[in-house]
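Here's a quick briefing to read with the model open beside you. Take a look at the fold before going through the notes.

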Amino acid sequence: MSNVDTARSAYDAFSRGDLETLKATLSEDSSWLTSDELPLGGETQGRDAMLRNFAQIPDYWWSFSVEPEEFIEAGDWVVVRGTQRVANDSGSFEAPFAHLMRFVNGKIVRGEFYADSAKAAKLLS
């Protein structure tokens, strides 16, 4: 399976809420970086900690999706470009995102998620 195939599989699993399948795409010592302006943000170390964070997303949003539109293979990295859509009781927004995923031996060892954190922070305040 190529890195792009694994990235697609991870997105598919995430969109279904299938954290067990998502877990299989992640290295045990993987890390995840998101805006530290948001709850659960900053750098998270370890697959299990990442999955615990993902499981808490419904605590903040009653609707949350990341819809990939393009996967770009770049050596050990895959760049994913897409649209994030979220909603909670304060409102909703849609914004583009870029996600960088680094792979070692077919597993995701690092994820960096770049999106419009200002829009998200506004709805969470």
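What follows covers the sheet, the helices that sit on it, and one residue up close.

Keep in mind that this is a predicted model. At its heart for this briefing is an open, mixed sheet of six strands, running S2-S1-S6-S5-S4-S3.

**The sheet**
- Strands S2 (42-45) and S3 (63-74) are the edge strands, and each has a single partner, so one side of each has no neighbour in the sheet.
- Going from one strand to the next, the twist averages 20 degrees.
- S4 (residues 77-88) and S5 (residues 91-104) pair up antiparallel, with twelve bridges between them.
- If you want a landmark in S5, look for Ala-98, which has Arg-81 standing opposite.

**Helices on the sheet**
- Helix H1 (residues 3-16) packs on the sheet and touches S3, S4, S5 and S6 (107-114).
- The direction of H1 makes about 180 degrees with that of S3.
- Helix H4 (residues 117-124) lies across S4 and S5, at about 130 degrees to S5.

**Ser-30 up close**
- You'll find Ser-30 in strand S1 (residues 26-34).
- Is Ser-30 buried or exposed? Its relative accessibility is 0%, and the cut-off for buried is under 20%, so Ser-30 counts as buried.
- The Ser-30 side chain reaches the backbone oxygen of Ser-27 at 2.9 Å.
- Setting aside neighbours within four places in sequence, Ser-30 is in contact with Thr-44, Gln-45, Gly-46, Arg-47, Met-50, Ile-108 and Val-109.

Note on methods:
Residues are numbered from 1 along each chain as its sequence is written. This is a predicted model: local features need pLDDT of at least 70, side-chain atom pairs count only at pLDDT 80 or more; totals for chains, interfaces and linings use all residues. Side-chain values use heavy atoms; hydrogens and water are left out. Two strands pair if DSSP finds at least two bridges between them. Helices (H or I, at least four residues) and strands (E, at least two) are DSSP runs, numbered from the N terminus. Axes are lines fitted to C-alpha atoms, for helices over the stretch in contact, and angles run from 0 to 180 degrees between N-to-C directions. Contact means heavy atoms within 4.5 Å. Buried means under 20% relative accessible area, exposed over 50%, partly exposed in between (1.4 Å probe, protein chains only). A polar contact is a pair of N or O atoms within 3.5 Å; within protein, one must be able to donate a hydrogen and the other to accept it, and residues adjacent in sequence count only if both atoms are side-chain atoms.
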